[in-house]
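Open the structure in your viewer and get ready to select a few stretches by residue number. We'll begin where caution is needed, then move on to some strands.

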Amino acid sequence: MEFGAVDDLFQDNATPVSHSRIDGRFDEFRRGGCNQKIAWSKLGCIAVINSDGTGVETRHLACNPEDGRWALSDAYPITDVSRFHEGQRLQHVTWSSNGAELAIIDVLGRVSFYTVYLTVNQLALSSIHTYPDDDMSSLVGFWWLPSERPYSLYTAMKVEEDVKYYSQNYRPFGPFHPVSPKAAAIGITRGGTVSDFIVPAKRNIFLTVDKYKAKMWFHDGNSKYQESTCELECMMSLDDVFTHASMSWGKESVSVLAAYTQSRQLRVYRLAINWGITQQTKPATQYPTAPVLLVKRVKLMATVFPTEFSNDTFKAQLTHLEVMGPTPGPTNANAAATITAIFSAGPDAQTITFVCRWDLRERPSKLHPAFDQLGVRRASISSGTPPELDLHRLEDITLNKRAIGVWPVTSGTVIAFAFSDGSLDFRDRHTLRPFSSPPPNGKITNMTQAGFTFTGGENCIDIVLSPNNTVAVRLSQDNELQMIVMDSTQGAITIKENFDTACIALAVQHAYSISNLSNNDDLLLIARKYKSLDFNNAFLTEVHRALNLKMDFAAESPSERLIRNPLLQRCLSLQYALDFHGERVTRRLSGKLAWAVLHLRVASLAFALSGNSGQRGAVQGRAPGTGGPPDDAKPEALQTVLGLVQWFMDMMSLIIGDLIELSKATRGRTDDLAFVRQKMLESNSPALFLTLASAPRAFLRYNCRNLRALENSTNKQLASGNYDEEQRMTIRSFKVPIDSCAVKIHNFEKIMTDIDGTVRAAYNNVPEAERATAERQLFVNNEIPEIFKEPVQRLLGYTIPNFRDSINISALFWHDVSWLGFHDDIESRIYHRTHRIDAVRKIVLPSKGIKLRRCTRCCSIVEETTINKNQGQWLQNTQRMCLCGTLYLSPHT
């Protein structure tokens, strides 16, 4: 041995070791998998391990009600995490496929599961699994099973001078939890243990494999645990210890498991789950009682390393292992799973990150030729040999940065890389080539192809992407969170080509998020950058086109199908959010219109469930005159809709009053649509569009019909004599706003029916595409298309003037509608500055002594109360989500 080597041994001439936080982070990556300190769920909740490593905090994007700006919320610690994990250092957080379940894992392999309850910052413990203090129990891989719900991919393509949107639905690959939408997860321990978790269900199942056997313990629902076993290959030496593991979905519900060992072996397994369920009906309701995990090793590769370091295999060390499952598309092209291994060569190397990949491909199984010499073979031998799996190595990719993360995004079609300098890179999942902007084939499937990227960067130890990959949060070396938002690199947005491309890309991403039930608040942070009414209108128009959103309901009767249209709700929510700049800032007509329809939708739900309760009671076995009324028709339930009844009656008064004023202002010029629109914009009242546009008019008619049915039901209850005086007073109070309103329901309904018939006549022989365009111009751009000329003339020149003579104008004039928030006068501003109104129940809330929930998007508030079934099903249905379709926040938590 040379003396220099001896000196190096004692580090006399060794290169000084850097003790930066980033170098320490890479040491954690090299020691093992399951090292994600921050995670962002589909529902929009961010979980991050705190600086002490003993607790977890949640954050989320939230709109400031004062100025409408979006930012990260305050930190909300999850209670008792440190106590449940007995103070052990936490190393991994990850959300389930549906975004409602959070798994927290510590260094000893203990796993706790939490569920997002009623608000985004309140998580409830589902279960905790603890094991002996043993290094071999620590997890090196963890994977949530996918959701069985079909998903959609969207594409925009320029065809001549137009843009066409295409969507394709796909069924995901398994395995799945047998009872949808319950979650399930699988974990791999350092000692080769496979753990299977089922959460949250009536039975909490834990499956583990020791050196020689697979053992499964499961909760049978009676506070007892049962056990079952299966064989697995044993661990022969410490060289067989796993350092990294990853799993993904596969064909025929058989997933692919890849594991990397201490001796640098890559082992590939096929993994299937026998749930032990005999029930075959869909949807399944039978929970598993004794699932069995079936694992079979199919490949082993010795000494896996980047090809560039074939002479010095220890110079590059594995930091991340990811299995990319098959992607949607033609079977032959996309059916292979891909194993992706990230190697780091250290900060002193010229090229410091290597991406190595292997496709797992099937090939027909062949018997040895000697079997042919045996003569005619049995049919079972000649036809039943399963295909074999081969690892086909792809070309290595080198990166001049240090990768700290790699994930498949957009349903596995895109792969994202995160680097220690705070930058991110998106590449094609199959070729790993960066996306070109604009794409050569004219297709836009993601934001990167439209020229959006993350610019700038600061050193960090972890990065997480939002549900739509348009916002990222860095975890700095000091454990501080820094938010960055995608920006366009194509040049000024005022250039028409850049303007159109940005709107199209955002519309494609918005359609993807809605169809796949993802939170899309992150898209608002990009759209609101441009602060342009023209951009908002163009973006909303493309959103409607991408989703092929139906806004023309003139040819059909209002029904519950209108209420339960999630696409309509989310588009209304987007339209309002784009216009919201603070509670004290005057809203434009587009925002007011969307806001009114969202509230009409809530009223429709309440009136429908309450007004139809008599019929539902008969269906449930209550004969007329026997037993009590259904829950939604009881006085206790009617009490909850009193505020909504008052709100709707006042909305009728507002609409009629504003239409009367508009009729007077446009007298003699109702055929001049430009003049009518000018007067309407001056008043900033949504009244005319609420009656002309098909969707809000359908809601108005639907509410009138159900409110009349509810009024008839209360009249029968008063006549029955089956209630005490207190209950009768509640029923009478329900009728007060109806009887005292200057505009009667049947008269208002006649006006809606009349304008509905006029619009239908105008639409006669008009192609469906033109009608859809006209409805969008009304609702989104607040323009009056020429096709509405006759309906406007009849409404303002004939219907409203004649109706004016049949009502008490003075009573209508003095009727106070300032609390509705649709007028911009000083009385309305003062009222909303001094009062808090429950957005769902439409009641004034006290200034002190109650707990509130606030929507993270529209900033609406509701009282946090415990709802029982006696208060009606409709109120229970509105507890978890805001009327705009977003989760609530509990500010007091």
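Start by selecting residues 376-383, where pLDDT (the predictor's confidence in each residue, from 0 to 100) stays under 50. The model has six contacts beyond four places in sequence for this stretch, a contact being heavy atoms within 4.5 Å. Now jump to residues 614-630: pLDDT stays under 50 here too, and the model has twelve contacts beyond four places in sequence. Where pLDDT is low, the predicted coordinates should not be read in detail.

A word on ground rules. This is a predicted model, with residues numbered from 1 along each chain as its sequence is written, and side-chain values use heavy atoms, leaving out hydrogens and water. Local features need pLDDT of at least 70 and side-chain atom pairs count only at pLDDT 80 or more, while totals for chains, interfaces and linings use all residues.

Next, colour the whole protein chain by pLDDT. Its mean is 84, and 83% of its residues reach 70 or more. Among the elements of the chain, strand β1 (residues 38-40) has the highest mean, 98, and strand β16 (residues 213-219) the lowest, 34. Strands here are DSSP runs (E, at least two residues), numbered from the N terminus.

**Stop one: β3 and its partners**

Select V56, in strand β3 (residues 56-63). Is V56 buried or exposed? V56 is buried, with a relative accessible area of 2%; buried means under 20%, exposed over 50%, and partly exposed in between, using a 1.4 Å probe and protein chains only. Show what surrounds V56: leaving aside neighbours within four places in sequence, its contacts include A47, I49, Y76, I78, L90 and I104. Try picking the C-alpha atoms of V56 and L90: they are 8.5 Å apart, though the two residues sit 34 residues apart along the chain.

Now widen the selection to all of β3. Six of its eight residues are buried, so the strand is largely enclosed by the rest of the structure.

Which strands pair with β3? Pairing takes at least two bridges found by DSSP, and these three are joined to β3:

- Strand β2 (residues 45-49) runs antiparallel to β3, with five bridges. V48 has E57 as its bridge partner. Six residues lie between the strands of this hairpin, where G53 takes a positive phi near 75°.
- Strand β4 (residues 70-72) is also antiparallel to β3, joined by three bridges. Look for C63 and its bridge partner W70. This hairpin has six residues between its strands, and G68 in the turn has a positive phi of about 75°.
- Strand β5 (residues 76-77) is antiparallel to β3 with two bridges. Here E57 stands opposite P77.

**Stop two: a three-stranded sheet**

Move along to the open sheet with the order β27-β28-β29 and antiparallel pairing. Its edge strands, β27 (403-409) and β29 (424-428), each pair on one side only. From one strand to the next, the twist averages 20°; axes are lines fitted to C-alpha atoms, with angles from 0 to 180 degrees between N-to-C directions. Six bridges join β27 to β28 (residues 414-419), and G405 has A418 as its bridge partner.

**Last stop: E322**

Finally, select E322 in strand β22 (residues 317-324). Leaving aside neighbours within four places in sequence, E322 touches S246, T338, I339, T340, V406 and P408. How far away is the nearest side chain of opposite charge? That side chain is R429, 9.9 Å away, and E322 is buried yet has no salt bridge. A salt bridge needs a side-chain nitrogen of Lys or Arg within 4 Å of a carboxyl oxygen of Asp or Glu; Lys and Arg count as positive, Asp and Glu as negative, and His and the chain ends are not counted.

Methods:
Helix = DSSP H or I, 4+ residues; strand = E, 2+ residues; numbered from the N terminus.
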